[in-house]
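Biologist: I am new to this structure and would like a close look at a single part. Could you take me through the loop you find worth describing, and the aromatic rings connected with that description?

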Amino acid sequence: MTNLHPIASETPDPRAPQRVRHELRRRLLTVQRVQRVTPHLVRITLQGDELQGFTSLGFDDHVKVMFPDPATGVLALPSISPEGIRHASDAPRPAMRDYTPRRFDARAGTLEIDFALHDAGPATQWAEQAAPGQQIGVGGPRGSMVIPMAFDGYLLVGDDTALPAIARRLAELPAGAPVVVVAEVDSAADELVFDTAADLRLTWVHRRGAAPGSTTLLLDALRQKALPTGDFHAWVACESSAAKALRAHLVGERGARPQWTKAAGYWRLGSADTHETHSE
């Protein structure tokens, strides 16, 4: 069940995002396919009867992926209540990370999730050894933020972790919609081919072996880019401090409207599990 609610504002705005609430469910799913898309991106296709009713309406939705214990291989799934995920006090807690649902095929009963291989954490460890038949848990999404297709243009900026959301957004934009994308990966071998009917201006920046989150490549490239004209929606997702700096640049130096500029920290240097939103 979903409930659609426009975000409250002082004056009605046809471009205001709409928040959609979903029934929170935990699903036990099985790996159907593992594909190494690029040297640093693994696509896992999941299947299972419990995918029935899965809903993801926003291009940057996120689900909570729950991994087996790397030492024992045991997957201890928590329970789900209306308040969220609950762990029994005496039960082991699985490692969990937030991921964008890359593609859901209701007819085939499959869900694709792309894993950016950044570090030696539990998500990367699992994705690098994943094989058909293995099981993981997926919780959510709890809700979706739907951005109307009513802007003059669009800006998407992000690192490897943002590529699934960028790909989803590009696929759903209307034909001819002006969109500027600035994306950071390690090298040309990590670049993706996006499926879109939009009028895309795409810039890749390469770390060339530098540690993710250790450079200002995205900000440096964005400073040199012409932004979409007119009223545009800007979306940023990458390392948290970099996302904050990119939003400050867009709003403070480039005239981007704060209410139409979303920046999210999909991860943070030195933190095992982070998902932050920057509004100031």
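Modeller: What follows is a walk through one loop and some ring pairs. The model is predicted, and the loop in question runs between strand S4 (41-47) and strand S5 (63-67), with Phe59 lying in it. Asp61 has its place in the loop between S4 and S5 as well. Asp61 is buried and yet has no salt bridge, because the nearest side chain of opposite charge, that of Arg168, is 4.8 Å away, whereas a salt bridge needs the charged atoms within 4 Å. The side chain of Asp61 does make polar contacts, one of 2.8 Å with the side chain of Ser56 and one of 2.7 Å with the side chain of Ser144. Leaving aside neighbours within four places in sequence, the residues in contact with Asp61 include Tyr99, Thr100, Pro101 and Met145.

Turning to the rings, a search of the whole structure finds ten aromatic pairs. In one of them the ring centres of Phe59 and Trp235 are 5.4 Å apart and the planes stand at 65 degrees, so the pair is edge-to-face. Since Trp235 belongs to strand S16 (residues 232-239), this pair ties the loop to a part 176 residues apart in sequence, and both Phe59 and Trp235 are buried. Phe67, in strand S5, forms an edge-to-face pair with Phe115, with 6.3 Å from centre to centre and 65 degrees between the planes. Phe115 sits in strand S10 (residues 110-116), 48 residues apart from Phe67, and both of these residues are buried. Ring pairs also link Phe67 and Phe115 with Tyr99 and Trp126 into a cluster.

Methods: Residues numbered from 1 in each chain as written. Predicted model: local features only at pLDDT ≥ 70, side-chain atom pairs only at ≥ 80, totals over all residues. Heavy atoms only, no water. Phe/Tyr/Trp six-rings, centres within 6.5 Å; stacked < 30°, edge-to-face > 60°. Helix = DSSP H or I, 4+ residues; strand = E, 2+ residues; numbered from the N terminus. Buried < 20%, exposed > 50% of the residue type's maximum accessible area, 1.4 Å probe, protein only. Lys, Arg positive; Asp, Glu negative; His and termini not counted. Polar contact = N/O pair within 3.5 Å; in protein donor to acceptor, adjacent residues only side chain to side chain. Contact = heavy atoms within 4.5 Å.
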